[in-house]
Amino acid sequence: NILKQSKYSELTIVALIEPDSLPNLATNMNVAKCEQAQTAYMTCIPYAIKQLATLPNVVQYVDAAHGGWLGWTNNMQKFTQIIKTVLTSAGGVDTIRGFASN
């Protein structure tokens with residue numbers, strides 16, 4: 001694994017986790033491809049977060065889309081439940097440093 005190589009041990013590596021996938025679960029479940037991807041997203045994203053959290057020099061941010069997308073109350077409520085489930089599955093909120101938004 002490249003991230004575990006000693007030559008990178010003193011670097012801080014910033015990982016942005018899964019742009020667009022989680023926000024799509026909050027707003028686009030009426031789209032067949034988004035609905036079909038739900039199990040993969042809800043399994044693989046927590047796995048990735050959990051694995052990267054074992055590396056002391058990696059800090060993680062999870063994509064939170066943008067206010068025009070998730071800024072509506074209904075969308076934000078759905079998204080916060082998705083994030084809660086993902087982070088619980090990944091080992092808790094302390095596995096990430098924060099969220100990225102544009």
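Let's start with Q60, which sits in strand β2. One reminder before we go on: this is a predicted model.

Is Q60 buried or exposed? It is buried, with a relative accessible area of 1%. Burial here means under 20% relative accessible area, so at 1% Q60 qualifies. Now look at what its side chain does. A polar atom of that side chain lies 3.0 Å from the backbone oxygen of T95.

Which residues touch Q60, once its neighbours within four places in sequence are set aside? Before it in sequence there are A15, I17, A48, I49, L52 and A53. The rest are T95, I96, R97 and G98.

Let's step back to the whole chain. It has four helices and three strands. Along the sequence they run β-α-α-β-α-α-β. The C-alpha atoms fill a box of roughly 45 × 25 × 20 Å along the principal axes. There are 102 residues, and 35% of them are buried.

Now the contacts with a sequence separation of 6 or more. Of these, 75% join residues 24 or more positions apart.

On to the surface. The chain exposes about 6400 Å². Carbon and sulfur atoms supply 54% of that. As for charge, there are 7 positive and 6 negative. The mean positions of the two sets are 4 Å apart.

Next, the core. The largest nonpolar core holds 22 residues. Which of them have the most contacts inside it? They are I17, L22, I49, V62 and F79. Two or more residues come from each of β1 (13-17), α1 (21-27), α2 (32-52), β2, α3 and α4 (73-90). Helix α4 gives the most, with six residues.

Take F79 from that list. Leaving out residues up to four places away in sequence, F79 touches L22, P23, A26, D63, A64 and L70. L22 is itself among the core residues with the most contacts.

Stay with α4 and move along to L87, which lies in that helix. L87 is buried, at 5% relative accessibility. Its contacts, again without residues up to four places away, are I49, G92, V93, T95, I96 and F99. T95 should sound familiar, as Q60 is in contact with T95 too. How far is L87 from V62? The two are 25 residues apart in sequence, and their C-alpha atoms are 9.9 Å apart in space.

Another α4 residue is N75. It counts as buried, at 16% relative accessibility. The cut-off is under 20%, so N75 falls on the buried side. What does the N75 side chain reach? It reaches the backbone oxygen of W69, at 2.9 Å. Setting aside neighbours within four places, N75 is in contact with A26, T27, W69 and L70. Two of those, A26 and L70, also touch F79. N75 and L22 are 53 residues apart along the chain, with their C-alpha atoms separated by 11 Å.

Last stop, the backbone at A65. This residue is in the loop between β2 (58-63) and α3 (67-70). What is unusual in its phi, given that it is not a glycine? The phi is positive, at about 60°. A65 is also buried, with a relative accessible area of 2%.

To recap the side chains: Q60 pairs with the backbone oxygen of T95, and N75 with the backbone oxygen of W69. Both residues are buried, Q60 at 1% and N75 at 16%. That's the tour.

Note on methods
Residues are numbered from 1 along each chain as its sequence is written. This is a predicted model: local features need pLDDT of at least 70, side-chain atom pairs count only at pLDDT 80 or more; totals for chains, interfaces and linings use all residues. Side-chain values use heavy atoms; hydrogens and water are left out. Buried means under 20% relative accessible area, exposed over 50%, partly exposed in between (1.4 Å probe, protein chains only). Contact means heavy atoms within 4.5 Å. Accessible areas come from the Shrake-Rupley method with a 1.4 Å probe; for residues, only the protein chains shown count as cover. Lys and Arg count as positive and Asp and Glu as negative; His and the chain ends are not counted. The place of a charge is taken as NZ of Lys, CZ of Arg, CG of Asp or CD of Glu. A nonpolar core is a set of buried Ala, Val, Leu, Ile, Met, Phe, Trp, Tyr and Cys residues joined through side-chain atoms within 4.5 Å. A polar contact is a pair of N or O atoms within 3.5 Å; within protein, one must be able to donate a hydrogen and the other to accept it, and residues adjacent in sequence count only if both atoms are side-chain atoms.
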